[in-house]
Amino acid sequence: MNSVDEWRTLPSPDRDSEPYWRALAEGQFLLQRCRSCEHWTWPVRPICSNCHGEDLEWVESPGKGEVYTWVITHQPYAPDLAKLTPYAVALVRLDEQDDILIPGRYVGDAELSQGLRVRVQTERATEEIGLLTWNV
């Protein structure tokens, strides 16, 4: 597995996503859930993707799911990614809800396949930003 130190292309948290990135830096995987209808919302946004309510809370997720699809990247799209290529990005369907699909770099040893059970692994990039990877 590659060190976070090799990552220099980092997300730019905004008002809505800052709690998500900070939680990853602290080793937690948080998702938004609506207090009104209990629907999980992804990607991060200021309103519920189901009822459009504004009463969202951050809830820790177990971070388990199955691989829905993936891509193997052979082309480094930024200079700092050259050391990682080739690398796999998996789109994972979380157990919490069928329509929650979260992308992340796959770092597991098992061969990728649809339905492969994976779990979140967090990596601290900075004090304020963590990265999400998937592992078996």
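Two strands count as paired if DSSP finds at least two bridges between them. The model used in these exercises is predicted.

**Exercise 1.** Find how many bridges join strand β4 to strand β7, and in which sense the two strands run.

Solution.
- Locate β4 at residues 64–73 and β7 at residues 117–124.
- Three bridges join them, and the strands run antiparallel.
- One position to look at is Gly65, whose bridge partner in β7 is Val118.

**Exercise 2.** Work out which strands close into a barrel and in what order.

Solution.
- Turn to strand β5, residues 87–94, which pairs with β4 in the antiparallel sense over eight bridges. Here Ile72 stands opposite Ala88 of β5.
- Next take β6 (residues 101–106) and β8 (residues 130–135), which pair in the parallel sense over two bridges. Tyr106 has Trp134 in β8 as its bridge partner.
- The barrel consists of five strands in the order β4-β5-β6-β8-β7, with mixed pairing. From one strand to the next, the twist averages 50 degrees.

**Exercise 3.** State which strands helix α1 lies across, and at what angle to β8 it runs.

Solution.
- Helix α1 covers residues 18–25 and lies across β7 and β8.
- Its direction is at about 65 degrees to β8.

**Exercise 4.** Explain why Cys34 and Cys51 form no bond.

Solution.
- A disulfide requires two cysteine sulfur atoms within 2.5 Å.
- The cysteine sulfur closest to that of Cys34 belongs to Cys51 and is 3.7 Å away, so the gap is too far for a bond.
- The structure therefore holds zero disulfides.
- As for accessibility, Cys34 is buried at 1%, whereas Cys51 is partly exposed at 36%.

Notes: Residues are numbered from 1 along each chain as its sequence is written. This is a predicted model: local features need pLDDT of at least 70, side-chain atom pairs count only at pLDDT 80 or more; totals for chains, interfaces and linings use all residues. Side-chain values use heavy atoms; hydrogens and water are left out. Helices (H or I, at least four residues) and strands (E, at least two) are DSSP runs, numbered from the N terminus. Buried means under 20% relative accessible area, exposed over 50%, partly exposed in between (1.4 Å probe, protein chains only). Axes are lines fitted to C-alpha atoms, for helices over the stretch in contact, and angles run from 0 to 180 degrees between N-to-C directions. Contact means heavy atoms within 4.5 Å.
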